Amino acid sequence: MTFAATELCLRAATVTLLLVLAASMFADFRKVLAGRLAIAFALGSAAHAVTASMGAGPPVSDWHAPLIALSTGDIVVFWLFTRALFDDAFQLRWWHGLIWAAVVAYSFVNCMWIAPAGHARIAIIMVNSLTLVFVALAVAQTIGSWSADLVERRRRVRVFIVAASALYGGMNALLQIAYAGSRVTVEGANLLNAAVLTAIAAAITWAMMRVDGADLFTVPAEAVVLTKPVAVEEAADQRLVDALMRLMADDRVYRHDNVTIGTLATRLKIPEYRLRRLINQRLGYRNFNVFLNNHRIEEAKAALADPTQAAVPVITIAMDAGFQSLGPFNRAFKATTGVTPTEYRKLKASAV
């Protein structure tokens with residue numbers, strides 16, 4: 001079998017795998033933001049599988065250019081997917097769509113006018129430099145939120161999905177830049193690229209199919225079936241929950257700077273993984289920072305509703321409760337209560 005025929009088979013296999021993954025996500029998680037972004041990422045990756053090639057090659061046809069543009073925009077979708085997958089509070093904003101549209105439009109202009117005008121090398125370097133930026137953002141997001149993730153299986157699969165996708169995306173972008181001056185398609189590089197992409201698509205599809213979707217995606221509470229522990233485990237867990245809540249209520253450890261799962265586990269004299277599982281499976285939290293912030297906000301709510309603290313600045317109340325600055329406090333407070341701290345204080349004052 002020739003290089004070209006082998007490459008075509010690999011591309012077809014990759015597209016098939018990605019379409020199967022997209023269909024599976026659509027059937028089960030189309031109403032969940034991370035699920036919708038997973039579908040978009042799979043479809044964009046399918047466009048990449050069809051269009052990816054090393055070197056400048058022949059001029060891009062009219063039907064080919066939109067696919068290349070969508071393939072380029074898929075790196076923005078990947079960045080948003082990692083944010084939604086590992087941050088349950090993440091919401092899409094209008095400017096996210098604007099970034100995606102700008103990257104897609106820029107890629108399309110590159111294909112249709114900049115590269116044909118004799119600037120193919122510059123066009124390839126610029127587009128792939130953008131890819132490297134969004135790969136870096138996705139990796140930073142994944143690493144930054146790693147320690148706060150309480151869902152064990154999601155913690156494991158996140159490393160695989162993001163590492164594989166980011167490694168491929170980064171290496172592909174670097175190779176594209178390296179081959180940017182080549183005026184011919186590099187068959188060996190294209191075949192290797194297609195083989196690696198097929199392997200990654202197969203591995204990600206396998207990984208996502210075997211992990212419980214409720215672990216990866218935030219689903220309605222009524223859709224989650226909790227496994228009831230045996231009596232001995234339940235009693236032991238309850239003792240740990242009671243001890244944890246005493247640390248929160250009596251010692252107010254959430255006020256401390258840089259409190260982590262590790263420091264709490266040390267205080268309770270249990271392994272970190274067990275405390276993570278306890279907070280997730282017994283208390284229902286998926287993120288450690290949300291667990292801490294809920295306790296901080298409860299303290300702040302009590303202070304804001306206290307007439308004797310009416311003259312205390314909101315920033316003082318926020319920092320006393322454990323927040324490091326006013327911005328994160330305002331956002332977390334409004335996300336929890338639906339109103340700003342100042343509005344909450346006025347509502348409580350008017351109710352007296």
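# Notebook: an all-helix model

**Overall fold.** I counted secondary structure to start: the protein has 14 helices and 0 strands. This is a predicted model, so I keep that in mind for everything below. Reading along the sequence, I get α-α-α-α-α-α-α-α-α-α-α-α-α-α.

**Burial and surface.** I looked up how much of the chain is covered. Of the 352 residues, 45% count as buried. I also pulled the exposed area of the protein, which comes to about 18300 Å². Carbon and sulfur atoms supply 64% of that area.

**Contacts.** I took the contacts between residues at least 6 apart in sequence and asked what share joins residues at least 24 apart. The share is 74%.

**Helix H14.** Next I went to residues 341–351, which form helix H14. Which residues of H14 are buried? I find Pro341, Tyr344 and Arg345 on that list. These three cover an arc of only 100° around the axis, which puts them on the same side of H14. I noted that Arg345 is among the buried ones, while Lys346, right after it in number, is exposed. Lys346 shares the other side of H14 with Leu347 and Ser350, both of them exposed too.

What covers the buried residues of H14? My list includes three helices: H11 (288–305), H12 (314–320) and H13 (326–337).

**Cavity search.** I ran through the whole structure for cavities of 30 Å³ or more and got 1. About 30 Å³ of space lies in the largest cavity. Its lining is made of Arg11, Thr14, Ala49, Ala52, Asn193, Ala194 and Leu197. Two elements give two or more residues to this lining, helix H1 (3–29) and helix H6 (187–210). Which of the elements gives the largest share of the lining? H6 does, with 3 residues. I sorted the lining by type as well: 4 residues are nonpolar, 2 are polar and 1 is charged.

**Positive phi, Arg252.** I then checked backbone angles for residues other than glycine. Arg252 has a positive phi of about 50° although it is not a glycine. Where is Arg252 found? I located Arg252 in the loop between helix H8 (231–251) and helix H9 (261–268). Its relative accessible area is 34%, so Arg252 is partly exposed.

**Positive phi, Lys269.** Lys269 is another non-glycine residue with a positive phi, near 60°. I traced Lys269 to the loop between H9 and helix H10 (272–281). Is Lys269 buried or exposed? With a relative accessible area of 77%, Lys269 is exposed. The cut-off for that label is over 50%.

**Val159.** My last stop was Val159, whose place is in helix H5 (residues 152–178). At 42% relative accessibility, I log Val159 as partly exposed. I then looked at what Val159 touches, leaving out residues up to four places away in sequence, and found Trp146 and Ala164. For the pair Val159 and Trp146, I noted a separation of 13 residues in sequence. In space the two are 9.0 Å apart, C-alpha to C-alpha.

Conventions:
Residues numbered from 1 in each chain as written. Predicted model: local features only at pLDDT ≥ 70, side-chain atom pairs only at ≥ 80, totals over all residues. Heavy atoms only, no water. Buried < 20%, exposed > 50% of the residue type's maximum accessible area, 1.4 Å probe, protein only. Helix = DSSP H or I, 4+ residues; strand = E, 2+ residues; numbered from the N terminus. Arc of directions from axis to C-beta. Contact = heavy atoms within 4.5 Å. 1 Å grid on protein atoms, 1.4 Å probe; cavity = no way out; pocket = protein on both sides within 12 Å on 5 of 7 lines; lining within 4 Å. Points joined across faces, edges and corners; volume = space filled by probe spheres on them. Nonpolar A, V, L, I, M, F, W, Y, C, P; charged D, E, K, R; others polar. Areas by Shrake-Rupley, 256 points an atom, 1.4 Å probe, with all protein chains shown as cover.
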